[in-house]
Amino acid sequence: MSLIKKISSRFIQAKHSSNWPGLIEGYREWLPVNKNTPIITLKEGATPLIQVPSIQKVIGRGVKVFVKYDGLNPTGSFKDRGMTMAISKAKEEGCEAVICASTGNTSASAAAYAKRGGMKAFVLIPDGYVAQGKLAQALVYGAEVLAIKGNFDDALEIVQQMSNNYPITLVNSVNPYRIEGQKTAAFEIIDTLGEAPDWLCIPMGNAGNISAYWKGFEEYKNKGKSKKLPKMMGFQASGSAPLVFDKTINNPETIATAIRIGNPVNKVKAINAKEKSNGSFLDVTDEEIINAYKILGQEEGIFCEPASAASVAGLIKRAEEVPTNGTVVCVLTGNGLKDPDCAINNNNAVFHSGLESNIKTVANAIGF
Ligand code: F0G
């Protein structure tokens, strides 16, 4: 084994051990940090890439399908990748408070990292449209929560104005450091597979993550870490698909509340990623999302939130177009535990409730 190979295989091993230092230290030379940047980390990143045979079976033709399970980050979503960077840079600049609009995950992550960095976090959420687990996180991490009678797009407009008018740093994905941190997920995929996949399937809301992945794939390719670039396949929920239908949606609706966004702020970047990669955008219905969500849970033992399942639903919908023997990575952006209501209401499990407490009843119920 050559020295470089030895070093890189040791690096990959370290990434998956308890020695992983978090993504800023792990990918320091690829990120805009310097010796004065205080690193605010919860050891995010280094999430698993898991092969999913049940989805491969649906696609057929020798296609390999993996999921990038970013729901295993410290606060349960990919937002931690961006937040470690945004909060570290805010700290470096002497900021004392941060603000964001959120459908839930950004607020959970901002709250956790702000507290870890000794800062205050203010989070604006659409009242009644944030999954329970996410709201619980923001509260537990000690953010000040402002629930508005409006949707995510309304909240984002307010926080943008707030950060322009008051000494408070915006940590939504318009903050360029968010994109920098999130691009490391693309690095991890190439470090694990040894090459970029043929397709990258990803849910889109405000469209920061697809832009971040594209940046990561391009940077790695430019430095010779991969030979090819993936097609960027972005998916939105049918009731909330401004990028697919190329128009602002004033009243977005979907069971996948994380991506209930009608006017994505990173629209131009996302379209660029699609066009340069020869990829495409497509909408998936709530029914298709839930179907994929159930397959992942029941067949693979992988619990993601509904918005994340949109990536797998989209792949299934586009099955015929996947190159034969190709490799696909679907991004699972958030952990299923965040949205227990969706889980309880959407499963095919057998649940015997109110049983008498004796072996006869239990054996009988099981069918013995
Ligand atoms: N998946 C999940 C679980 C999300 O929480 C989000 C966005 C997305 C996908 C879409 O990512 O916006 O970069 O295109 N959630 C944001 C939030 C909007 O406030 O937590 P995107």
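Me: What classes of residue make up the shell around the ligand in this predicted model?

Reply: The shell divides into 8 nonpolar, 10 polar and 2 charged residues.

Me: What makes a residue count as near the ligand?

Reply: One of its heavy atoms must lie within 4 Å of the ligand. There are 20 residues around the ligand, and S102, N105, N206, A207 and T333 come nearest. N206 counts as polar and A207 as nonpolar, because Asn falls outside the nonpolar and charged lists while Ala is on the nonpolar one.

Me: Why is the pair between the ligand and G205 called a polar contact?

Reply: The pair must be N or O atoms within 3.5 Å. Here an oxygen atom of the ligand is 2.8 Å from a polar backbone atom of G205. That is inside the limit, so the name fits.

Me: Which other backbone atoms pass that test?

Reply: A207 has a polar backbone atom 2.7 Å from an oxygen atom of the ligand. For N209 the distance is 2.8 Å, again from a polar backbone atom to an oxygen atom of the ligand. Both pairs pass, because the limit is 3.5 Å.

Me: How much of the ligand does the protein bury?

Reply: Taken alone, the ligand exposes 470 Å². The protein buries 99% of that.

Me: Where does the ligand sit, and what makes that place count as its site?

Reply: The ligand takes the space of the largest cavity. To sit there, more than half of its atoms must lie within 2 Å of the cavity's grid points. Helix 5 and helix 10 each give two or more residues to the shell around the ligand.

Me: Why is that space called a cavity and not a pocket?

Reply: In a cavity, a 1.4 Å probe fits but cannot get out, whereas a pocket is open. The grid is laid over the protein atoms alone, so the ligand does not fill the space in this test. By this rule there are 2 cavities of 30 Å³ or more.

Me: What is the volume of the largest cavity, and which residues lie closest to its centre?

Reply: The volume is about 300 Å³. Of the 28 lining residues, F78, K79, G205, N206 and A258 are closest to the centre. Helix 5 (105–116), helix 8 (176–182), strand 7 (199–203) and helix 10 (208–222) each give two or more residues to this lining. Helix 10 gives the most, with 3. By class, the lining has 12 nonpolar, 13 polar and 3 charged residues.

Me: How do you know that the second largest cavity counts, and what lines it?

Reply: Its space is about 40 Å³. The count takes cavities of 30 Å³ or more. Among its lining residues are P242, D246, K247 and T248. The lining holds 3 nonpolar, 3 polar and 3 charged residues. D246 and K247 are in the charged class, because Asp and Lys are listed there.

Me: What lines the second largest pocket?

Reply: The lining includes Y293, K294, F303 and F351. This pocket has a volume of about 210 Å³. Helix 13 (286–300) gives the most to the lining, with 4 residues. Helix 15 (340–345) supplies at least two. The classes are 6 nonpolar, 5 polar and 1 charged.

Methods: Residues numbered from 1 in each chain as written. Predicted model: local features only at pLDDT ≥ 70, side-chain atom pairs only at ≥ 80, totals over all residues. Heavy atoms only, no water. 1 Å grid on protein atoms, 1.4 Å probe; cavity = no way out; pocket = protein on both sides within 12 Å on 5 of 7 lines; lining within 4 Å. Points joined across faces, edges and corners; volume = space filled by probe spheres on them. Polar contact = N/O pair within 3.5 Å; in protein donor to acceptor, adjacent residues only side chain to side chain. Areas by Shrake-Rupley, 256 points an atom, 1.4 Å probe, with all protein chains shown as cover.
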